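Hi,

Here is the structure I promised to pass on. Have a look at it first, and then read my notes below.

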Amino acid sequence: MKKALLFVLIAGLVFSSAFAQGTKEQATAKAEKEIVILVKSMGNGFFDAVYKGSQEAAGELGGIKTTYMGPPQATAEGQIEIIESLIAQRVDGIAISANDADALIPVTKKAMAAGIKVISFDSGINVGGRIVDLLPSNAELIGRQQIQLAAELTNYTGDVAVLSASAQATNQNLWISWMKEEIKDAKYAKMKLVEVVYGDDAPDKSYREAVSLMQKYPNLKAIICPTTVGLLATAQAVKDAGKTGVVEVTGLGLPSEMKGYILDGTCRQMALWNPIDLGYTSTYILNALIDGTSKGTVGEVIPAGRMKSVKVEKDGLIYMSTPYVFNKDNIEQFAAIF
């Protein structure tokens with residue numbers, strides 16, 4: 001009887017020690033915030049650079065594990081499936097570049113109800129589906145600048161077309177609406193925006209759409225691509241068609257991808273914000289939301305490391321910076337960075 005009692009006591013002590021150790025390990029693991037950078041699709045150099053920025057911020061802040069995820073194709077369904085899995089994993093925060101502004105709302109609401117901090121960046125989720133939306137720049141400035149870049153290249157004459165990402169991409173649609181507004185100005189009287197087509201951020205489809213535009217419009221002077229994938233594919237299509245210098249190419253592009261086309265004159269100028277800064281700032285915002293030092297309410301100023309700070313505007317919008325123009329004079333410098 002005494003032996004049995006002694007065994008029970010020893011077993012209890014072992015269990016208590018193991019339980020305490022397990023609790024300690026759980027607490028240690030919980031101290032590390034888990035955040036996910038969820039992008040439109042994998043294999044996009046722009047989003048690779050975004051993730052580098054997130055890693056940089058995580059290193060500065062400490063106690064953060066940042067993971068890079070995205071569906072194989074740029075679909076809302078693919079992102080929804082990933083978010084469902086992240087809810088089950090109980091991550092702390094998700095920064096999403098959305099393939100659809102509305103389709104993700106039910107699942108992101110579910111994530112937020114589970115205690116996950118959700119923000120969008122680059123391509124936003126509408127109000128109700130995220131806490132804040134980090135925009136790389138003001139939509140009006142981006143859209144107007146795209147027309148200005150094309151006008152400078154074409155001497156303000158001829159037909160221009162837009163080759164965008166998907167028809168549901170919230171950021172591109174906003175920019176295009178401002179392009180249409182800008183081109184109404186009298187100084188563009190000799191220019192005409194003939195068509196907007198969509199390459200779905202797929203290189204092969206974007207290439208085919210660019211070829212089709214050149215065949216359809218004999219007076220085509222420029223193709224504007226407010227998407228890095230579309231710009232790269234269009235530059236190759238124009239070069240392959242032997243129309244370098246005949247059909248100008250501009251838009252939003254990654255310096256590392258577009259360096260050769262800028263140096264050979266296929267794309268003489270383009271613009272882009274720094275995607276590294278986008279991922280960096282997103283991570284600082286998520287960290288503040290997870291810590292509770294920010295609620296994402298209008299008027300709040302959130303510290304953002306080397307980016308100084310960002311301010312929450314109406315509808316939870318946060319703006320970063322004005323797009324930078326790249327040309328043959330600076331492309332090599334920036335191509336070495338991203």
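Two strands count as paired if DSSP finds at least two bridges between them. Keep that in mind for the strands below, and bear in mind that this is a predicted model.

With that cut-off, start at β8 and β9: they pair in the parallel sense over four bridges. If you want a spot to click on, Cys-225 stands opposite Gly-251 in β9. Strand β9 is covered on both faces, with Glu-248 and Thr-250 buried on one side and Val-249 and Gly-251 buried on the other.

Now zoom out a little. These strands belong to an open sheet of four, in the order β7-β6-β8-β9, with parallel pairing. Its edge strands are β7 (191-198) and β9 (248-251), each of which pairs on one side only. On average, neighbouring strands here are turned by 25° against each other, ignoring direction. Further into the sheet, β6 (residues 158-164) and β8 (residues 220-225) run parallel and are joined by four bridges. Val-160 is the residue that stands opposite Ala-222 in β8. Helix α7 (residues 203-216) packs on this sheet and touches β6, β7 and β8. The direction of α7 makes about 145° with that of β7.

There is another open sheet to look at, with six strands in the order β2-β1-β3-β4-β5-β13 and parallel pairing. Here β2 (64-69) and β13 (317-319) stand at the edges with a single partner strand each, so one side of each has no neighbour in the sheet. The average turn between neighbouring strands of this sheet is 20°, direction ignored. Strand β1 (residues 33-38) runs parallel to β2 and is joined to β2 by six bridges. One pair to look up is Lys-33, whose bridge partner in β2 is Ile-64.

Which strands does α2 touch as it packs on the sheet? They are β1, β2 and β4 (117-121), and the direction of α2 makes about 175° with that of β2. Helix α3 (residues 76-89) lies across β1, β2 and β3 (93-96), running at about 175° to β1.

Helix α2 has a helix partner too. α2 (residues 45-61) packs with α10 (residues 275-291) at an angle of about 45°, and their axes are 6 Å apart. That angle is why α2 counts as oblique to α10. The crossing of α2 past α10 is right-handed. By class, their contact has 11 nonpolar, five polar and two charged residues. On the α2 side the residues include Phe-46, Val-50 and Leu-61, and among those they meet in α10 are Ile-276, Leu-278 and Tyr-284.

One last residue, back at the edge of the six-stranded sheet: Leu-317 lies in strand β13. Is Leu-317 buried or exposed? Buried, because its relative accessibility is 18% and the cut-off for buried is under 20%. Leu-317 is 185 residues from Val-132 in sequence, yet the C-alpha atoms of the two are 5.8 Å apart in space. Leaving aside neighbours within four places in sequence, Leu-317 is in contact with Arg-130, Asp-133, Leu-135, Lys-311 and Val-312.

Happy browsing!

How values were computed:
Residues numbered from 1 in each chain as written. Predicted model: local features only at pLDDT ≥ 70, side-chain atom pairs only at ≥ 80, totals over all residues. Heavy atoms only, no water. Axes fitted to C-alpha atoms, helices over the stretch in contact; angles between N-to-C directions. Helix = DSSP H or I, 4+ residues; strand = E, 2+ residues; numbered from the N terminus. Parallel < 35°, antiparallel > 145°, perpendicular 65-115°, else oblique. Left-handed = near helix turned anticlockwise from the far one by under 90°. Contact = heavy atoms within 4.5 Å. Nonpolar A, V, L, I, M, F, W, Y, C, P; charged D, E, K, R; others polar. Buried < 20%, exposed > 50% of the residue type's maximum accessible area, 1.4 Å probe, protein only.
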